[in-house]
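Good morning, and thank you for joining. I would like to take you through one structure, beginning with a sheet and moving on to a contact between chains.

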Amino acid sequence: MTDNKFTGTSSYIATDDLTMAVNAAVTLERPILVKGEPGTGKTQLAIEVAAALGKPLHEWHIKSTTKAQQGLYEYDAVARLRDSQLGDDRVHDIANYIVRGKIWEAFESDEQPVLLIDEIDKADIEFPNDLLRELDRMEFYVYETKKLITAKHRPIIVITSNNEKELPDAFLRRCFFHYIKFPDKDTMTEIVDVHFPNLKKDLLAEALNAFYKVRDVRGLKKKPSTSELLDWIKLLLAEDIPPEALRAEGSRSAIPPLYGALLKNEQDVHLFEQLVFLDRRTNPQ
Amino acid sequence: MLLPFFYMLREGGMKTSITELLTLLEAMQKGLAGQSVDDFYFLARTTLVKDESELDRFDRIFGAYFKGVEDSLADLFQEIPEEWLRQQAELNLTEEERAQIEAMGGFEELMRALQERLEEQEDRHEGGSKWIGTAGTSPFGAYGYNPEGVRIGQHGSRNRSAVKVWDKREYRNLDDSLELGTRNIKVALRRLRKFAREGAADQLDLDDTIDKTARNAGLLDIRMVPERHNAIKVLLCLDIGGSMDDHVRVCEEMFSAARSEFKHLEYFYFHNFIYESLWKDNRRRHSEKTPTLDIAHKYGSDYKLIFVGDATMSPYEIVYAGGSVEHWNEEPGAVWIKRLLNTYGKAVWLNPEPRERWEYTPSTKLIRDLMGDRMYPLTIAGLDDAIRELH
């Protein structure tokens, strides 16, 4: 049993099931795949795990053009060509032109690192398949120098996905899985508490009420999530808005102040305003 | 250890494998599960579940197993899709029959009663006039004669003429004839995307040229690629409901595969056959329809048209006005599909039914004729042929 256990940090509230998933992954040294609505702290998790366990963090952000090979290493043939024409001595050793990728860096780390593979679903459909052996055995082969690179310490790998593409079964079988649910009101209160410890209780209660009400509006393209709520509260505090101003919308017919922080999509803002307008017409006060 | 639970998960339809079970055992050996059931539950969930869509199913199986109520597994499959309860009330009923249903309190009443009886009833039942079973006069069950009967668990034959096909085993082991998994389909569909880069190699590939030249120790090695026409547009029409229920899963896999595979993809649903309107959201199929003509006008003729449907229906549904089982159609379906085919030169019909069975269904033959023989089975080979046809 490892001595370090992840239990959340002073700035990150982890629910029991999330804690269990992370600890299982840490103990068995297997990757953990994290899914969930955007803005529920998937990427943040890796950062917090690294901070909580005091381990170095390596981040690999995936784009649609990212290849699995780039995480391992790249052979910079162009630099070598240039050097050969300049008569540089370095040109004789091909190892000088091997550029290390994020996975290699993590494998070489002197203490056990945390490796974040962010938004794996953005990449090509074959991408996860190309990393099976690397994630399983934690080693890979460099063909140019004929060297086998093996991880000094098996890194704690956190993989996030937004579900844009389905991941292959073979890949899934090698991972622990956790789906971050949208936090309920209690958890949300805790989350807001760690971010704004001095927030007045009544303001928080009113803000949360307004927030969940906005989330319940049907047909929103992008529902506001935790990160939007935190931004909004930051704004409310900055503007020093009294709790009463929020309570006024208890009648459902007022727009919460500074709602631009909650709704990020033009159509959503429009829809929301229309609903409020309709509501005012049908329930005149 | 935990083997019964493992097999229960698999019976319950989860694709848990031995690898995951071993991982779970390893984790327990390391003391991760702790002392409480909660901890074990979290650990088992993070190890055995690989997709959020399976969470609910896992929870129910877990609950059933650890309460020791193993028999209740069957209940997991007894949910009646809300869709069925609400819609299609008009389906297939004559005026007379409708009056009879009204006499019994209407269709909704009928479905509510069904749900109640499913809950009440525990054993398999045959005959009689109240319980759900076979060969009775109760409105629920198979092979019965109550005109507004709801068919339950009746396999084969009878050409699916009951108001509802309510097979408890909706997810009977995925037929062996359907070898297509999501990824298989994706791979096949990629071929459709690939031909975007076919043709003459007439563009300088700078990256590849530099790379090859460098590897060639500085001797220039020019590389060319075909021009990229990134214009593969697909209009996908999926049959949903009725006789397609057996194939709904395959279709949905196909659908999810297709959605992530193309940039330009529009999809619509239809029921049995194409008429004057299609819809995008199956839950709101009655309120949000898109006229077929609008579709043909909106999406240009460079779209490739793909129908997915089992083409199994009464021939009336194709060739007669008013033949639709869902509504009154002014013009026969055949006219509508011809209109679409006139707009879209490249079109195929993918049929999940095995090719051997096509000959026995007149409607399949009819549709094949309408499609100009461009009907292909929903298998890898069939998809290959279909995609070649779409070129």
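**From the sheet to the chain contact**

In chain A, Glu59(A) has Leu116(A) as its bridge partner, and Leu116(A) belongs to β5(A). Please bear in mind that this is a predicted model. The bridge leads us to the two strands concerned: β2(A) and β5(A), the latter spanning residues 114–118, pair in the parallel sense over five bridges.

Let us now place that pair in its sheet. The sheet is open, with five strands of chain A in the order β2-β5-β8-β1-β9, and the pairing is parallel. At the edges lie β2 (57–61) and β9 (176–180) of chain A, each of which pairs on one side only. Leaving direction aside, neighbouring strands of this sheet are turned by 20° against each other on average.

I turn next to the contact between the chains. Chain A contributes 27 residues and chain B contributes 31 residues. On chain A, the elements that each supply at least two residues to the side touching chain B are α1 (16–28), α4 (77–86), α8 (169–173) and β9. Of these, α1(A) gives the most, with eight residues. By character, that side of chain A comprises 14 nonpolar, five polar and eight charged residues.

Which helix of chain B does α1(A) cross at roughly 90°? The partner is α2(B), residues 18–29, and the two axes come within 10 Å. The crossing angle therefore makes α1(A) roughly perpendicular to α2(B). Ala24(A), Thr27(A) and Leu28(A) make this contact from α1(A), with Thr23(B), Glu26(B) and Ala27(B) from α2(B). These residues divide into three nonpolar, two polar and one charged.

How values were computed
Residues are numbered from 1 along each chain as its sequence is written. Chains are lettered from A and ligands numbered from 1 in the order in which they are written. This is a predicted model: local features need pLDDT of at least 70, side-chain atom pairs count only at pLDDT 80 or more; totals for chains, interfaces and linings use all residues. Two strands pair if DSSP finds at least two bridges between them. Helices (H or I, at least four residues) and strands (E, at least two) are DSSP runs, numbered from the N terminus. Axes are lines fitted to C-alpha atoms, for helices over the stretch in contact, and angles run from 0 to 180 degrees between N-to-C directions. Two residues are in contact if their C-beta atoms, placed from the backbone, lie within 7 Å. Ala, Val, Leu, Ile, Met, Phe, Trp, Tyr, Cys and Pro count as nonpolar, Asp, Glu, Lys and Arg as charged, and the others, Gly among them, as polar. Angles under 35 degrees count as roughly parallel, over 145 as roughly antiparallel, 65 to 115 as roughly perpendicular and the rest as oblique.
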